[in-house]
Amino acid sequence: MRVPTPDDFRELETWGLIERPMAAVEAFSPEHEQRREDNERHRRKRREQEESVSEAFLDDTQAYYRSMERPIDRTKWDYLKRRKAWFHPPVGWERFAAPGVSRILDLGCGDGDQTERIAEFVAGRWRAAGYDGFPMEVVGVDLSESRIENARRHARSPHEAITLRFESGDAVAGLDYPDDYFDYTLALGLLEVLDDDLAEPVLDEVARLTAGGVYVRDLLDSMPGFHPRPDVDERLAERGFETRERHRVLEEPFVEEGTRDPLDVWPMNLHQVVFATATDPVPADERY
Ligand SMILES: C[S@@+](CC[C@H](N)C(=O)[O-])C[C@H]1O[C@@H](n2cnc3c(N)ncnc32)[C@H](O)[C@@H]1O
């Protein structure tokens, strides 16, 4: 990926996400999904992505992420933050800004760019409602030390009441937080890189840590080394979370030929976004 220019940022702005953050949900249609399947350019780009998956990743995903060294330049970080916003629509996020919500976890946060977006969303809701805000912690956890360093270097709190914190940690082994510590947990692209032996304990850990609700964004396409889970809503239901919203979204605005991403970062992949809430939430005074 080359360093993005101001023109590249302007091009991303034409996707309309500032005015319509749910644009990917609104724009999705089964017809686009079919046309993507039928389209030679989109099929070729996906084949190229499949072929570029590294042996190290296929051999042992966890070792791959643990040992990854990938410092990221500020301009690329910022571009990817905006680029990824398309396929991470803020479904259910208005609940994060409600009074009483004080802890949000972004599990498998990567470089922390979407963690910053989550905090920005909350700050934006508070400001629009004329609130001063209340103390809130948004915590990003990732297996990769290198990515946590990126997050610490680049992500900034958008509001004085919001603390952004980044820690390395292993969601499979479990995190050092008490039960129901977090009001909401997000897992963006985390479950998709875990086989069932790893994803099941991670889902157990998410359920243990989370009092209010869960947001999942995952790849639905098959891809070597990736694990699409169309049944993720059932797995959440087994753990006491009822799906409120579920959407299919494409990775970028659909165009028949080519891409509207000037850096052409990813193919037109298909994802799901699931927002689920606890069926029997633990009362605040019993939590911590
Ligand atoms: C596809 S990336 C998604 C990153 C980020 N959430 C985003 O949307 O850009 C998957 C992330 O999961 C992290 N990860 C993989 N296994 C993990 C584990 N056991 N515990 C915590 N994070 C893990 C990886 O290090 C990687 O940053």
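Helix 7 passes helix 8 in a right-handed crossing in this predicted model. The axes of helix 7 (residues 74-85) and helix 8 (residues 113-129) come within 9 Å, and they cross at roughly 65°. If you would like to follow the contact on screen, helix 7 brings Trp77, Leu80, Lys81, Lys84 and Ala85, while helix 8 brings Asp113, Gln114, Glu116, Arg117 and Glu120. By class, the residues of this contact divide into 3 nonpolar, 1 polar and 6 charged.

Now to the sheet. Here 7 strands form an open sheet with mixed pairing, in the order 3-2-1-4-5-7-6. Strand 3 (162-168) and strand 6 (241-250) stand at the edges with a single partner strand each, so one side of each has no neighbour in the sheet. On average, neighbouring strands of this sheet are turned by 15° against each other, direction ignored. Strand 6 runs antiparallel to strand 7 (residues 270-278), and 9 bridges join the two. You can pick out His247, whose bridge partner in strand 7 is Val273.

Two helices lie across strands of the model. Helix 9 (residues 145-154) lies across strand 2 (136-142) and strand 3, and runs at about 160° to strand 3. Helix 10 (residues 196-209) lies across strand 1 (103-107), strand 4 (182-188), strand 5 (210-219) and strand 6, with an angle of about 145° to strand 5.

Next come the pockets, with their volumes side by side.

| Pocket | Volume |
|---|---|
| Largest pocket | about 1,400 Å³ |
| Second largest pocket | about 480 Å³ |

The largest pocket is lined by 50 residues, and Tyr65, Arg70, Arg147, Glu192 and Trp266 lie nearest its centre. Elements that give two or more residues to this lining include helix 4 (40-52), helix 6 (61-67), helix 7 and helix 8, along with strand 1, strand 2 and strand 5. The lining of the largest pocket has 26 nonpolar, 12 polar and 12 charged residues.

For the second largest pocket, 15 residues form the lining, and those closest to its centre are Leu17, Ile18, Ala85, Arg117 and Glu120. Ala85, Arg117 and Glu120 also belong to the contact of helix 7 with helix 8. Helix 1 (6-13), helix 7 and helix 8 each give two or more residues to the lining of the second largest pocket, which by class has 9 nonpolar, 1 polar and 5 charged residues.

Finally, a search of the whole structure finds 1 cavity of 30 Å³ or more, with about 40 Å³ of space. Its lining consists of Ala24, Ala27, Phe28, His32, Trp86, Leu250, Glu252, Pro253 and Phe254, or 7 nonpolar, 1 polar and 1 charged residue.

Conventions:
Residues numbered from 1 in each chain as written. Predicted model: local features only at pLDDT ≥ 70, side-chain atom pairs only at ≥ 80, totals over all residues. Heavy atoms only, no water. 1 Å grid on protein atoms, 1.4 Å probe; cavity = no way out; pocket = protein on both sides within 12 Å on 5 of 7 lines; lining within 4 Å. Points joined across faces, edges and corners; volume = space filled by probe spheres on them. Nonpolar A, V, L, I, M, F, W, Y, C, P; charged D, E, K, R; others polar. Axes fitted to C-alpha atoms, helices over the stretch in contact; angles between N-to-C directions. Helix = DSSP H or I, 4+ residues; strand = E, 2+ residues; numbered from the N terminus. Left-handed = near helix turned anticlockwise from the far one by under 90°. Contact = heavy atoms within 4.5 Å. Pairing = 2+ DSSP bridges.
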